[in-house]
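Student: I would like to go through this model term by term. For each label, please set the value against its cut-off.

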2 protein chains.
Amino acid sequence: MKSDDFNLSYFLPYQLAILSSRISKLLSKVYGDRYGLSIPEWRVLVHVARREKMSVREIHKCVNFEKPTVSRAVSKLEDTGLVAKTASVQDQRLVEIELTEAGFDVLKGITREARSFEENILGGFSEVDRHQLYVLMERLHDELDKHPEAANRPPMDIEARDDLLG
Amino acid sequence: MKSDDFNLSYFLPYQLAILSSRISKLLSKVYGDRYGLSIPEWRVLVHVARREKMSVREIHKCVNFEKPTVSRAVSKLEDTGLVAKTASVQDQRLVEIELTEAGFDVLKGITREARSFEENILGGFSEVDRHQLYVLMERLHDELDKHPEAANRPPMDIEARDDLLG
DNA sequence: AATTTTTCGTTTCACAAGAAATGATATTGA
DNA sequence: TCAATATCATTTCTTGTGAAACGAAAAATT
């Protein structure tokens, strides 16, 4: 039995999944092989660096991973000494997570490589191309936002969004 | 400790991962909740439908999942009666997988919904927008192809590729 | 022809991720 | 003020994935 009428090669969700997977796997060689970090750990590390102190919950809302995943990533990062956890004074339930000096150093190296990785991938892309790509992606997010069943989009830094679309 | 110099909101691999994840999750409500299929099962089903008969290996090369995952998906699909497995006569190692009539029916319904899903997401996109999006994604794939460490891109149907870029 | 090597599909194993449950603390409301 | 509810982080528990191992069959080599 054979049906010619549907072709995954044209199907956006599939193409997006393949592309994303290829890029993620390649990138994970940078922070995985070279720094021993998993994807959640890398994302958490970057997000913690954006603020002075963050709770698990705050990170969870940003990195698009479930709370347990974030919790485990933070613990691992604590074990390896890249972040420090301290119970909040005002609210004993909260855990304040912040980058250690070692974490800062690792982050510095890793972001440099991440940047060069991205530059490598986007090598042949002009400024206009890049802008177009991001705008198209933004528009897809906007379409998704209209769907009540769609997962929430992790919040974008305001400066970034203004800069991108302004 | 705080560092402002790296922003995930701008980082292509991250943005791509989020976007892809949001779309995949939403789509999986269609074939998951409504048809009880997992992502690998859905992909296998579509790929099997493209040819008269396929082996696990052929599918594996196309769907961007590991062989065990494909094997399990095929077994599950066989259990639910959507595909039929028969040992090849010429080569006893190979398993020929083909769609059953029931599988064909399910596929028909599911592709209709997939199409409408895609149309929904791409609703506000003109033909030019869509073309641009796909061309940009193709170019990213091309950049990845240059990297020796990058995972192989699953082969695209030739007609599709010609049509897309010609 | 016999043996080694390769290929194919499956199974086993280890691990990571998310759902649900848990324990601890805050907040709300009677 | 005390009970009920909500919130936060963590810990099970279950499931699914991919690496490696496995058995069977074909191909290649001697």
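Student: Which elements each supply at least two residues of the surface near DNA strand C?

Tutor: They are α4 of chain A together with α3 (56-63) and α4 of chain B. Helices are DSSP runs of H or I with at least four residues, strands are runs of E with at least two, and both are numbered from the N terminus. The model is predicted, so to speak of local features pLDDT must be at least 70 and side-chain atom pairs count only at pLDDT 80 or more, while totals for chains, interfaces and linings use all residues. Residues are numbered from 1 along each chain as its sequence is written, chains are lettered from A and ligands numbered from 1 in the order in which they are written, and side-chain values use heavy atoms, with hydrogens and water left out.

Student: What makes a residue count as near strand C?

Tutor: One of its heavy atoms must lie within 4 Å of the strand. 19 residues surround DNA strand C, and the closest are A:Thr69, A:Arg72, B:Arg57, B:Ser71 and B:Lys85. Of the strand C atoms that come within 4 Å of the protein, sugar and phosphate account for 72%. α4(B) gives the most to this surface, with four residues.

Student: Why is the approach of B:Arg57 to DNA strand C called a polar contact?

Tutor: A polar contact is a pair of N or O atoms within 3.5 Å; within protein, one must be able to donate a hydrogen and the other to accept it, and residues adjacent in sequence count only if both atoms are side-chain atoms. A polar side-chain atom of B:Arg57 lies 2.6 Å from a phosphate oxygen of DNA strand C, therefore the pair meets the 3.5 Å limit. A polar side-chain atom of B:Lys67 is 3.3 Å from a base nitrogen of strand C. The backbone also takes part: an N or O atom of A:Gln92 lies 2.9 Å from a phosphate oxygen of that strand.

Student: Which polar atoms of DNA strand D pair with the side chains of B:Thr69 and B:Arg72?

Tutor: For B:Thr69 the partner is a phosphate oxygen, 2.8 Å from a side-chain N or O atom. For B:Arg72 the partner is a base nitrogen, also at 2.8 Å. α4(A) gives the most to the surface near DNA strand D, with four residues.

Student: How many residues of each class make up that surface near DNA strand D?

Tutor: Six are nonpolar, five polar and nine charged. Ala, Val, Leu, Ile, Met, Phe, Trp, Tyr, Cys and Pro count as nonpolar, Asp, Glu, Lys and Arg as charged, and the others, Gly among them, as polar.

Student: Why is the pair A:Asp129 and B:Arg139 called a salt bridge?

Tutor: The term requires a side-chain nitrogen of Lys or Arg within 4 Å of a carboxyl oxygen of Asp or Glu. Here the closest N and O atoms are 3.1 Å apart, so the pair qualifies. Chain A and chain B have four salt bridges between them.

Student: How much area do chain A and chain B bury between them?

Tutor: About 8,200 Å², 62% of it on carbon and sulfur atoms. Buried area is the accessible area (1.4 Å probe) that two parts lose on being put together, summed over both. By contact (heavy atoms within 4.5 Å), 79 residues of chain A meet 79 residues of chain B.
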